[in-house]
Amino acid sequence: MPWLSILVIASMLCMAILAPLLAPHSPIDQTLRDKLLPPFWFEGGTSKYILGTDAFGRDILSRLIYGARVSLIVAGLALTVGGGLGLLIGILAGYRGGIVETILMRLVDAAFTFPAILFALLLAVTMGQGLGTLVIAISLLLWAPFARIIRGEVLALKQRDFVALAKVRGCSEVRIMLTHILPNVLNTFMVLVTLNIGVVIIAEAALSFLGAGIPPPTPTWGLMVSEGRGRIAEAWWVSLIPGLAITALVLSVNLFGDWLRDRLDPRLRQQ
Amino acid sequence: MSNENVLEVRDLVTYFFLRRGVVKAVDGVSFDLKRGEVLGLVGESGCGKSLTALSIMRLLPKGGARTLRGAVRLGGENILTRSPRQMREIRGRRISMILQDPQTSLNPVFSVGEQLREAIFRRTRGSKAEVMREAVEALRRVEIAAPDQRIGQFPHQMSGGMKQRVVGAIAVCGQPEVLIADEPTTALDVTIQLQYLKLLKRLQAETGMAILFITHDFGVVARMCDRVAVMYAGRIVECGPVVQIFEHPSHPYTQALIASVPRMSGTVGGRLATIDGQPPSLLDLPAGCRFAARCAHVQARCRDTYPPTVTVAGEHTADCWRLGAQ
Amino acid sequence: MGGFIARRLLQGLVLLVLVATVVFFLGRLTGNPADLMLPEDATAEDRARLIKALGLDGSLMTQYRAFIGSALKGDLGTSLRMRQPAVDVFLSRLPNTLVLIPWALLLAMLVGIPLGVVAALNRGRFLDRASGTIAVLGIATPSFWLGIVLIFVFSVELGWLPSGRMGGPEHYVLPVITLGTFLTAGFMRLTRSSMLDVLESEYVKLARIKGLSETMVIWKHCLRNALIPVLTLWGVFVGNLITGAIVTETVFAWPGVGRLTYEAVIYRDFPLLQAVIILKAILILTINLVVDILYAYVDPRIRLS
């Protein structure tokens, strides 16, 4: 059991859910008097701001805690939308076959060839920054890998006897897809979700870093790294700490996801 | 055909050590292979025939397989104790092997000529031209037409039967004393199988090598082998000259196997004979005779104690309690 | 083989048109992009003027036809901020990025492939798990943060290397490492799984049966086959590098097309962003095509069919 990973994930979840209770300060209140204080174990630091403050005097720890909330909300939504879309397209393409499958799979191939981050950036510029834009943008990254793998599963499933039986009983295609195929691919779907959480978190962080994520003053880890960049020489903690959080979370999620996948479905190894 | 043994296998034991238990795949196998003869090793899938061959070659699959004890004497010396380097010297030169599936035996990115050259190069260090000539000659020997054109071709440009001939050419060009053929015709079209068997017989006559012929098909045994050893659940249960075994099968398993080979002379509309039941799990072998659960003549002592090896006649032996009384 | 090339070329063109169309429509999804570019106090006349200047009047189909029409002539709009044709701006910055990418690719291969081979040969043992952990670390570390950390350690604290901008060889070190780290992990994983597959194959068993030395077996028979799947993904890898360059160039103030993309986003320079995306698509598709041709040549099963 990857205990350390589970611990990290659990702590992040706690931070996200219990943010108002855990954060010692408000994440957006500026106290310019207290700006650029180092973490408390350094000279000049104080226990009032455990991890120090940024250029606007905002508490890093509080921003980190609230940032966890943003990361997880965006991840959850993007995985639902993007993953869900991929799931549906995969089922449709795999089950219907024929021209529907060909067109959809060509689209999937195209999506694989062309990096979706660029479309994400375009969306941010044209639709304006915000949660909705960000979720849609990240969903664009997810749907193709999901669709491809789910379709593979469906191709295998539709040969099975219980599908033939359902057809014989006169079930409509939609009904078969929903009640027979869907529950059987959920296992794979969940594993895919776990494997892609890390991707989503880094995508959100990268987009935020590039100024295409959720606009300030909402604290997101990517934005925090970006904000601290200019002051790296005198206040390294502003950039380094949130980045460490991102790395730790994604590392833990990946290790946990690998462990989970090895237990549930070794066929998905090395996609 | 002299009586000298070119290969002697004594009490070979190879187990798989898995998490869920120990799979006793080869559990005390002994046989002799005489110079110039074809010895068949027959048994159903999973009885340990291939693994016996791999144990002799010391090319066990990764993942828990180990040869625990036994001796494999090639020309008197026990090759199981040789260092890896010495073993490599032996492979290809003194013992060679043909694998079952021609589609996967050849490396897809190298030409046939190149793969032959590797094998030839182990025997002679000639110039490039000489080695190429030998390669073309090797292809000719296995009856591949237009060998000088084929030499530069890649495996995917050849049919299954032709690929298997190439595999055969590779196997014999080191001039081995022993050739192990692991189900060489199983993956070939039925129409081609016979041709291939004839080829093997011819090569054997030309080179004088001994062949350990592994198969599950008694019909092939009848055609190819001088002697045959019948294997069941990790052990050899009967062994002897082919004619003897066919005329007087002594072990109940052998009898059932021979009975189940479809014959042209059977009654029309008769049922195909089968053997009821399943072989025992190699993880959990019974103390006594391993065929006891499926044997029509089983007695109480069969389940308790493993039967002794009894001589039926001359070189023909079988492991069965029923024979002791004679 | 010629038919193969022709087909791939056609596929590439179709894809390009698809990308251009998607870019076009995405840009006009939510109302008029002009609105995003206008300052708060713009008057209706200002808006009308901007719309006309950007060619945003007329029906969607008219705009689309005009868009494709000028695109075919090599005109992909004018940058708002730099007031120059977007294509020119892109092309002037492209060499700076192109000079970075091969180094990152080289780094990733020189480190990733041997690590993958070592991991495969030592499956389940310490070396395998150690390289696996390194690989996961490489994937989990966001490259923008990695760049900043590297700048902090090597530039600020140690003063060994410069913190950005183009220049002599010492300016390349940190950006190349930053850009190549993610890819190194990818190469390592891919090589490892590919090697594991090949090590199990029958032809490797036959090579051993022939009595070839273990070195021969691995380096000649295994690696050649194991690298084929790696080669097929080269196109994807280069695509990843081109997008990865956006972040890396931003962090290191490197004047390439990645930084250009960032600037277009930050300054909401829509025409430039639109052009950059399409031009990058052309770049990526071209590279993919070249890779596919290379792959077809290397794998005799395709070359001789």
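## How the chains meet

Let's start with who touches whom: two pairs of chains touch, and the pair with the most contacts is A and C. Keep in mind that this is a predicted model. Chains A and B, on the other hand, do not touch, and their nearest C-alpha atoms sit 15 Å apart.

## Where chain C meets chain B

The rest of this tour stays mostly with chains C and B. On the C side, 21 residues are in contact, and they face 26 residues of chain B. Putting the two together buries about 2,300 Å², with carbon and sulfur atoms giving 64% of that area. Three residues stand out on chain C: Leu206, Ile209 and Lys210 of that chain supply 28% of what chain C buries against chain B, more than any other three residues.

There's polar chemistry here too. The rule picks up three salt bridges across this interface. In a salt bridge between B:Glu118 and C:Lys210, the closest N and O atoms are 2.9 Å apart. So C:Lys210 turns up twice, as a partner in that salt bridge and among the three residues behind that 28% share. Beyond salt bridges, there are ten residue pairs in polar contact between chain C and chain B, counting pairs with both residues at pLDDT 80 or more.

## Chain C's side of the interface

Which helices of chain C each supply at least two residues to the side that touches chain B? They are H10 (202–209), H11 (214–232) and H15 (300–303). H11(C) gives the largest share, seven residues. Sorted by class, this side of chain C has nine charged, eight nonpolar and four polar residues.

## The second largest pocket

Now for some empty space. The second largest pocket holds about 1,000 Å³. It is lined by 34 residues, and those closest to its centre are B:Leu59, B:Leu60, B:Pro61, B:Lys62 and C:Arg208.

Both chains B and C help build the lining. From chain B, helix H1 (49–57), strand E4 (65–74) and helix H2 (84–90) each supply at least two residues. From chain C, helices H6 (101–121), H9 (169–199), H10 and H11 each do likewise. The largest share, four residues, comes from H10(C). H10 and H11 of chain C therefore appear in two places, since each supplies at least two residues to the side touching chain B and to this lining. As for classes, the lining has 16 nonpolar, twelve charged and six polar residues.

Notes
Residues are numbered from 1 along each chain as its sequence is written. Chains are lettered from A and ligands numbered from 1 in the order in which they are written. This is a predicted model: local features need pLDDT of at least 70, side-chain atom pairs count only at pLDDT 80 or more; totals for chains, interfaces and linings use all residues. Side-chain values use heavy atoms; hydrogens and water are left out. Contact means heavy atoms within 4.5 Å. Buried area is the accessible area (1.4 Å probe) that two parts lose on being put together, summed over both. A salt bridge is a side-chain nitrogen of Lys or Arg within 4 Å of a carboxyl oxygen of Asp or Glu. A polar contact is a pair of N or O atoms within 3.5 Å; within protein, one must be able to donate a hydrogen and the other to accept it, and residues adjacent in sequence count only if both atoms are side-chain atoms. Ala, Val, Leu, Ile, Met, Phe, Trp, Tyr, Cys and Pro count as nonpolar, Asp, Glu, Lys and Arg as charged, and the others, Gly among them, as polar. On a 1 Å grid over the protein atoms alone, a cavity is a set of points where a 1.4 Å probe fits but cannot get out, and a pocket is an open set with protein on both sides within 12 Å along at least five of seven lines; lining residues have an atom within 4 Å of a point. Grid points are joined across faces, edges and corners, and a volume is the space filled by probe spheres set on the points.
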